[in-house]
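Reader: I would like to learn how to read a structural model feature by feature, with the cut-offs stated as we go. Could we begin with the strands and then turn to the packing and the empty space?

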Amino acid sequence: MLRSAAGLSVYLACPLWGRKEAGTSLSRCLYQSLTMAKRLQARRLDGIDHNPWVEFVRLSKEYDVVNLGQGFPDFSPPDFAVQAFQQAVSGNFMLNQYTMAFGYPPLTKILASFFGKLLGQELDPLKNVLVTVGAYGALFTAFQALVDEGDEVIIIEPAFDCYEPMTMMAGGRPVFVSLKPSPAPKGQLGHSNDWQLDPTELASKFTPRTKILVLNTPNNPLGKVFSKTELELVADLCQKHDVLCISDEVYQWLVYDGHQHVSIASLPGMWDRTLTIGSAGKSFSATGWKVGWVIGPDNIMKHLRTVHQNSIFHCPTQAQAAVAQCFEREQQHFGQPSSYFLQLPQAMRVNRDHMIHSLQSVGLKPLVPQGSYFLIADISDFKSKMPDLPGAADEPYDRRFAKWMIKNKGLVAIPVSIFFSRPHQKDFDHYVRFCFVKDEATLQAMDERLRKWKGELQR
């Protein structure tokens, strides 16, 4: 391609030789032609440039809507967290400067202490903990550190939509296995734990090229909390095939109805092959702080530190200082009624139940989630009654429905098909995701839109 471009530029430039008025040298013509002929973007970006979130965020800004799509609280973090951040900003002036590259020492120390007890490990703050720019940064660092060209990464669907592009950007090949829903009894709501892995199908996805399995519990978008039995199945296969596990556990404190979150790294034989990822934003309802972490064995963590020191190198000091204070406070109250990690899920369970009741009023069929910020609702009845919503011929139905709901009902939800790989999207295009971690005023605004919608259905 470059040779052809160069030849063409010489041919075009020849008539200019000897013409002073042209004012363009042959070398400049050649340089410009060659520069334009070069590929601009890196090949690792091929196939990952489209992001469906951009379109739905744009639509939510263009219309008068109640935004139940994006996963962030629209209420204040707890008072102690706000005070910790204010103190970090206005107190010790040295918090305006760099701290240790791999984490502010008081934060790595409290994370090692806090999660060491939960995982049954003696954690070294310098070797077993890395602070990152949010859990998103932790995931990216892990994929870049561990996935090589041609490595296979098993992703359990539905899955947070960054796992696939992060795998591909690192040169890996995503391999998908879907949770399968079982039908709810007639007249009853389904539950997120109705979605199960097929053990035989999961086992079939492991090959000699498999490097990593990505686990997300509690799951986004489904709200499923993987049981200990399910985690033992995953753990056994990872050990049998010598596969690493990246466990995204950002919603670990948001678990409802007596269900228990279990970290797969706490199971026998899994500490040495697991990276556990967490988020201060999800833990303390402060997603804009963008403080996350990775916990794991030093022989794996050292490779993440290499990526970290050669990319962002350092995370904002003040936010880390605030998170350190929050965890120090939480460690003192852990397991008591005053613990935020108990108070938050109690409050969000009320929100969840409110939303489940309200959505049913217009014919949406919510699935009751065990955990996370989210629930999904079945829109199969709408798909039967109004199948020809505007949109491209190959566009999954849930995306067309979500756009229709934004424009006509003033409610934002996220189509669940975006959490599935392309071959499976048509099989799961009859669900939309709602976020119930919202202020009471937002839920009341939702109710108002739903009452109007219900009135239109009764005409």
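Author: Strands of a sheet pair through backbone hydrogen bonds, in either a parallel or an antiparallel sense. Here an open sheet of four strands runs in the order β11-β12-β15-β14 with antiparallel pairing, where two strands pair if DSSP finds at least two bridges between them, and where strands (E, at least two residues) and helices (H or I, at least four) are DSSP runs numbered from the N terminus. β11 (365–366) and β14 (414–415) stand at the edges with a single partner strand each, so one side of each has no neighbour in the sheet. This is a predicted model, in which local features need pLDDT of at least 70 and side-chain atom pairs count only at pLDDT 80 or more, whereas totals for chains, interfaces and linings use all residues. Residues are numbered from 1 along each chain as its sequence is written, and side-chain values use heavy atoms, with hydrogens and water left out.

Reader: Over how many bridges do β14 and β15 pair, and which residue of β15 does isoleucine 414 stand opposite?

Author: β14 pairs with β15 (residues 431–435) over two bridges in the antiparallel sense, and isoleucine 414 has arginine 433 of β15 opposite.

Reader: Which residues of the largest nonpolar core touch the most other members?

Author: A nonpolar core is a set of buried Ala, Val, Leu, Ile, Met, Phe, Trp, Tyr and Cys residues joined through side-chain atoms within 4.5 Å; buried means under 20% relative accessible area, exposed over 50%, and partly exposed in between, with a 1.4 Å probe and protein chains only. In the largest core, which has 98 residues, Phe327, Leu364, Phe401, Phe434 and Trp453 touch the most other members. Leaving aside neighbours within four places in sequence, phenylalanine 401 is in contact (heavy atoms within 4.5 Å) with Leu364, Ile379, Phe382, Met386, Leu389, Val432 and Trp453. A second, separate core of 30 residues includes Ile156, Leu179, Phe226 and Ile264.

Reader: How should I read the empty space, and what volume does the largest cavity have?

Author: Rolling a probe the size of a water molecule over the atoms shows where empty space is left. On a 1 Å grid over the protein atoms alone, a cavity is a set of points where a 1.4 Å probe fits but cannot get out, while a pocket is an open set with protein on both sides within 12 Å along at least five of seven lines, and lining residues have an atom within 4 Å of a point. Grid points are joined across faces, edges and corners, and a volume is the space filled by probe spheres set on the points. The whole structure holds one cavity of 30 Å³ or more, and the largest cavity has a volume of about 30 Å³. Its lining consists of Ile156, Ala159, Tyr163, Leu215, Asn216, Asn219 and Phe226.

Reader: Which residues lie closest to the centre of the largest pocket, and which helix gives the largest share of its lining?

Author: The largest pocket holds about 890 Å³ of space, and of its 37 lining residues His50, Pro52, Glu164, Arg422 and Gln425 are the closest to the centre. The largest share of that lining, six residues, comes from α7.

Reader: Is threonine 99 buried or exposed, and what does it touch?

Author: Threonine 99, in the loop between α4 (79–90) and α5 (105–119), counts as buried at 17% relative accessibility. Not counting residues up to four places away in sequence, threonine 99 touches Tyr104, Pro105, His314, Thr317 and Gln320.
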